[in-house]
Every structure is written in C-alpha cells, then in structure tokens.
Amino acid sequence: MTLTLPPAEAARELVEPVLREAVGRLDPRIARVARYHFGWTDGDGRPRAAGGKALRPTLAVLSARAAGADIERCLPAAAAVELVHAFSLLHDDVMDDDPVRRHHPAAWTVFGRSQAILCGNALFALALELLLEQGTPGYAAAARALNHATLSLIAGQALDLEFQDRGDVTREECLLMSRHKTASLLACACSIGVTAAEGPASLAGALDAFGTEAGLAFQLTDDLLGIWGRPEVTGKPVLADLRVRKKSLPVVAALTSRTEAGRHLAELLARPGELTEADLRAAADLVERAGGRAWAELEAGRRFDAATRYLDAADLPADVRAEFLHIARFITSRDH
C-alpha cells in the first residue's frame, strides 16, 4: 500500500517563502549550496522543481494548529526545523560518502566536502536566528527545544559512526541511536508549534512522545527501504545500506539473532574489499532468513501503535489528530 501525504504541499507552500528569505541572508557562496540542497536550483544555479516530503514542516504546522495558534506566526518554527534537518543531511552525506540525495547528486559531490559542511553549519545557525529574532518567550523556549533536539541528533550520529567499527552492536544500542538521530528532531517538529505559541505543556509533551515513537517507526521503515526499497521510491541504488555495510536495525537484528544465517551474514560483511552484486543479494537474503526483516517490520508496527496511543491521549482537534495519524501511517507504509 502506498499512501500520499496531503498536507505536505500546503505546508511547503507556506514554509518555503520563509526558508527562501532566510537562505537569502547567507553569504552568496553558501547560499548557492543551500539552494541546490533544497532542490530549488541545479548545480549551475538554474531553477528546478523542489523535491522532498516536507514532513517536518508539515508536522510543525500541525503542531501549531493543535494549539489553536495563528499559523502565520508559527511558520518560522516550521522553517527552523527544516533548516536543522537540511543541516543534518548535508553533514550526513559527507560522513557517509553518500553520492545521491533525492535522486540527484549530493551537494558535496557538486560543491565539495568543505562547502557542504560550511553550508550545514550556516543552516543550523540560521535556524536558531529565525527562532530567537521572534522575541517572545514561546520562541525562546522553541529555540531551546530545537537546540536540545540537535544535540541529541548529533549524539546519534556519533553513535552511528562508532557502530561502523564495532562488531558487537546490540539492538538496544541501535534503537537508542535511532531515537537520538532520527526521532529527536521528528519529536521536536511535532511539538514546536505548541511551544512557540505558548500552548499547554501537557499538549507539547504528548505530541513530543507521539513524535518520538513515530520517529522510531520512520527509521525502522527507512532501514527496510535501505535494503529492499525500490530506487524510484528511495532515490538511492538498490541494496544501498548493505553496499556500505551499514549497521541498520534489520542488519543488527539479524547479526544478533544467534542463527546460522546471522553467523553467515557476519562472515560475509567482514570480508575485505568491495562486495559484489551477488554478495549484496546474498546478504539481503541472509538478513531476511535470520529474522531481521520480520523483526523490523514488527517493531515498526509496535512503535506506530505506541504513537497512536499518545495521540489518542492528547487534547487536540479531531481534524488535526486525523492528520497526525495519517502521517504516522504514511511513514510506516512506504513501499519496501
């Protein structure tokens, strides 16, 4: 089943002008990298149609609606979350040597590693500036929340890098890494509109908890796509995560399964040199035979159920609840 994300287009239309104005403040050399990374221009600066799911801005706009806030006043919060997400992807691609982002060459392959890193740094600083310049207690609290989420995200990336050199990574450690690296920013997106609007702390807390569980479901689904996803869906080559021997959640579940298939997988991934296409297909089969795929699918379902329970307990309008639920379903139902 493939679901669409109806609110995304509306959120993108609302938030993109705020993003473009913010990026326009940057040094021209950095701004051109940012415009390319956001999909607004090609490598030569010519306009192109923007891509991406606009997931986090959509959640931030919904968060503002949950608090009954003026959407226009909360757009800087939605833009700030997207700026931090863009910062994380720019750095992630450099650290992972990932050459493709959203079906296009990653920014570092076009402008160089140093320019991509500088652009990421600038986008993070710009995100905090957008929040703090609003000059309200709610936006000051939103800046603290986004900064906390960013520190958590960075801690998760540090764990992810550490895992590359370890053969003893546990499922619990991998889930903790995902909670930091992915779920923290998604949770912030789900609650930042309430915070910026100075809405009830209980509502912000419930939506943060919803976002944490939905974020873990998102990462589990993303890891399944990283092995079995179709390139036209993921924007990356088939078997992409196995190609770089990434310790993703299905892989770690397989490696720690104490099965014969898990042992064979560990031996295969430990081989020196580049893995052949036949090796990659064999590795994917071993992950499945060791139970890694089934566990990740089941865990994604568990996290989705936990997210919906937090949503059910939150005091928010029925239409907003339905849209949050639709997004949670969307991020766990992408094709793999």
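Start by selecting C174: this residue is buried, with 0% relative accessibility (buried means under 20% relative accessible area, exposed over 50%, partly exposed in between, using a 1.4 Å probe and protein chains only).

Before you click on, a word about what's on screen. This is a predicted model, where local features need pLDDT of at least 70, side-chain atom pairs count only at pLDDT 80 or more, and totals for chains, interfaces and linings use all residues. Residues are numbered from 1 along each chain as its sequence is written, and side-chain values use heavy atoms, with hydrogens and water left out.

**Next stop: C74**

Select C74, which is buried too, at a relative accessible area of 6%. How many disulfides does the count come to? Zero, where a disulfide is a pair of cysteine sulfur atoms within 2.5 Å. C74 is in none, and its nearest cysteine sulfur, belonging to C188, sits 13 Å away.

**Then: α4 and α6**

Now select residues 71-96 for helix α4 and 113-132 for helix α6. (Helices are DSSP runs of H or I, at least four residues, and strands are runs of E, at least two, numbered from the N terminus.) The two axes come within 8 Å and cross at roughly 160°; axes are lines fitted to C-alpha atoms, for helices over the stretch in contact, and angles run from 0 to 180 degrees between N-to-C directions. That makes α4 roughly antiparallel to α6 (over 145 degrees; under 35 is roughly parallel, 65 to 115 roughly perpendicular, and the rest oblique).

Turn the view and look at how they pass: the crossing of α4 with α6 is left-handed, meaning the near helix is turned anticlockwise from the far one by less than a right angle, while clockwise would be right-handed.

Show side chains where they touch, with contact meaning heavy atoms within 4.5 Å. On α4 you'll find, among them, L83, F87 and L90, and on α6 residues including I117, F124 and L130. By class, this contact has 19 nonpolar, three polar and one charged residues. (Ala, Val, Leu, Ile, Met, Phe, Trp, Tyr, Cys and Pro count as nonpolar, Asp, Glu, Lys and Arg as charged, and the others, Gly among them, as polar.)

**Then: α3 and α8**

Select 55-66 for α3 and 171-196 for α8: they pack at about 30°, axes 5 Å apart. Here the crossing is right-handed. L59 and A60 are among the α3 residues meeting α8, whose side includes L185 and I192. This contact divides into 10 nonpolar, three polar and one charged.

**Last stop: A54**

Click A54, in the loop between α2 (28-37) and α3. Is A54 buried or exposed? Buried, at 9% relative accessibility. Finally, draw a line from its C-alpha to that of E260: 206 residues along the chain, 42 Å in space.
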